[in-house]
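Look at the model below. This report follows one ligand, the space around it and a second pocket.

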Amino acid sequence: MLTSAEQVRSWQRADLHCHSHVSDGVLDPHTLAQRAHANGVELWALTDHDELSGLAQARQAATACGLPFLSGVEISVTWGSRTIHVVGLGIDENNRVLQEGLASVRDGRVTRARQMADKFEALGYPGVFEGALAFASNPALISRTHFARHLVQSGHFKTMQAVFDRFLKDNGPAFVPTQWACLESALHWIKSAQGVAVIAHPGRYGFSDLQFEALFSAFKDLGGSAIEVNTGSHQPWQFKTYAEVAKHHGFLASCGSDFHGPNESRCDLGQVPALAGDLTPVWHSADLQSQLHHAITATQTITTQSIANQQ
Ligand code: AMP
Ligand code: MN
Ligand code: MN
Ligand code: MN
């Protein structure tokens, strides 16, 4: 049998970015775990926006099907007056600094949603707050995604992308700017909870080279160590671009589908291509080895128990 260190090194198919219905995903954490396992994922993380409440169920369900699990979160951050996302992997979800920090990020969402709904009403779409809220299993996490989902289901638009392009994109007619966490705080919370910080989908931000240099250097100075390279939120041609960026800056590389729901997301769980062989995967990070060892041991304990129960 492989040691846990050997298993970690053998993994090719990790999915370290996706969403459940505790943020803006459609499925519950249990269903996601089973879907990840069925799709051949070897290491899985749930990374809901600014929210940890799905992690216990995700871990339990993943472990029960023999799938090693890392806890995760995707933190909304304002950097240089723009929104970026920072993923924390292997975080201790019981850490108070992280919990309180995320609570402060969630705080303004309902007020912002009402303001977005006012804008929609002025644009000729009444009742959108209630409509969006009906899609938010966790009202504290009401997001632009729920608005888009409502406007598609109510027949106003064919796709969620069309709603974003027409109304909800940054600085679009229904967009309401928000002050999320600052980069320093997000990194402080992740590090306090013994996690590894990853810049999510850098290809989505539209920064200039100079802005990227400033972001990467600030992120490194604060203890950040990885960027997403292969993600469902990148166009496939960007995988190469960000592989070069990771190598150039000495970042570990992460990968994940950014799956939100069936028929919605470009990439299903486990279907993002494996990282190129000349990158160092984030799960090789020394800072994640004890969490990974625990995750592997937990799946083996479950398997041993179920064999014993069958005898
Ligand atoms: P919020 O946190 O409320 O600003 O919503 C951000 C979420 O909206 C992201 O996590 C994505 O799931 C979704 N999103 C953002 N931009 C787009 C876009 N252009 N097309 C589709 N979904 C998007
Ligand atoms: Mn999302
Ligand atoms: Mn994101
Ligand atoms: Mn995401």
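Twelve residues could crowd a student's notes, so here is the shell around ligand 1 in one go: Asp 24, His 49, His 85, Arg 109, Arg 112, Ser 143, Arg 144, Thr 145, Gln 161, Phe 164, Arg 204 and His 260. A residue counts as near if one of its heavy atoms lies within 4 Å of the molecule. This is a predicted model, in which local features need pLDDT of at least 70 and side-chain atom pairs count only at pLDDT 80 or more, while totals for chains, interfaces and linings use all residues. Residues are numbered from 1 along each chain as its sequence is written, chains are lettered from A and ligands numbered from 1 in the order in which they are written, and side-chain values use heavy atoms, with hydrogens and water left out.

The shell around ligand 1 divides into 1 nonpolar, 6 polar and 5 charged residues. Here Ala, Val, Leu, Ile, Met, Phe, Trp, Tyr, Cys and Pro count as nonpolar, Asp, Glu, Lys and Arg as charged, and the others, Gly among them, as polar. H5, H7 and H8 each supply at least two residues of this shell. Helices (H or I, at least four residues) and strands (E, at least two) are DSSP runs, numbered from the N terminus.

Some side chains make polar contacts with ligand 1 (pairs of N or O atoms within 3.5 Å).

| Side chain | Distance to an oxygen atom of ligand 1 |
|---|---|
| Asp 24 | 3.1 Å |
| His 49 | 2.9 Å |
| Arg 144 | 2.8 Å |

Taken alone, ligand 1 exposes 500 Å², and the protein buries 81% of that. Areas come from the Shrake-Rupley method with a 1.4 Å probe.

Which space does ligand 1 take? Ligand 1 takes the largest pocket, as more than half of its atoms must lie within 2 Å of the grid points. A pocket is an open set of points on a 1 Å grid where a 1.4 Å probe fits, with protein on both sides within 12 Å along at least five of seven lines; lining residues have an atom within 4 Å of a point.

The largest pocket has a volume of about 1600 Å³. Of its 48 lining residues, the closest to the centre are Arg 144, Thr 145, Gln 161, Phe 164 and Arg 204. H7 gives the most to this lining, with 5 residues. The lining holds 11 nonpolar, 22 polar and 15 charged residues.

The second largest pocket has a volume of about 230 Å³. It is lined by 16 residues, and Arg 59, Phe 69, Ser 71, Gln 291 and His 294 are the closest to its centre. H12 gives the most to this lining, with 5 residues. The lining of the second largest pocket divides into 7 nonpolar, 6 polar and 3 charged residues.

Conventions
Grid points are joined across faces, edges and corners, and a volume is the space filled by probe spheres set on the points. A polar contact is a pair of N or O atoms within 3.5 Å; within protein, one must be able to donate a hydrogen and the other to accept it, and residues adjacent in sequence count only if both atoms are side-chain atoms.
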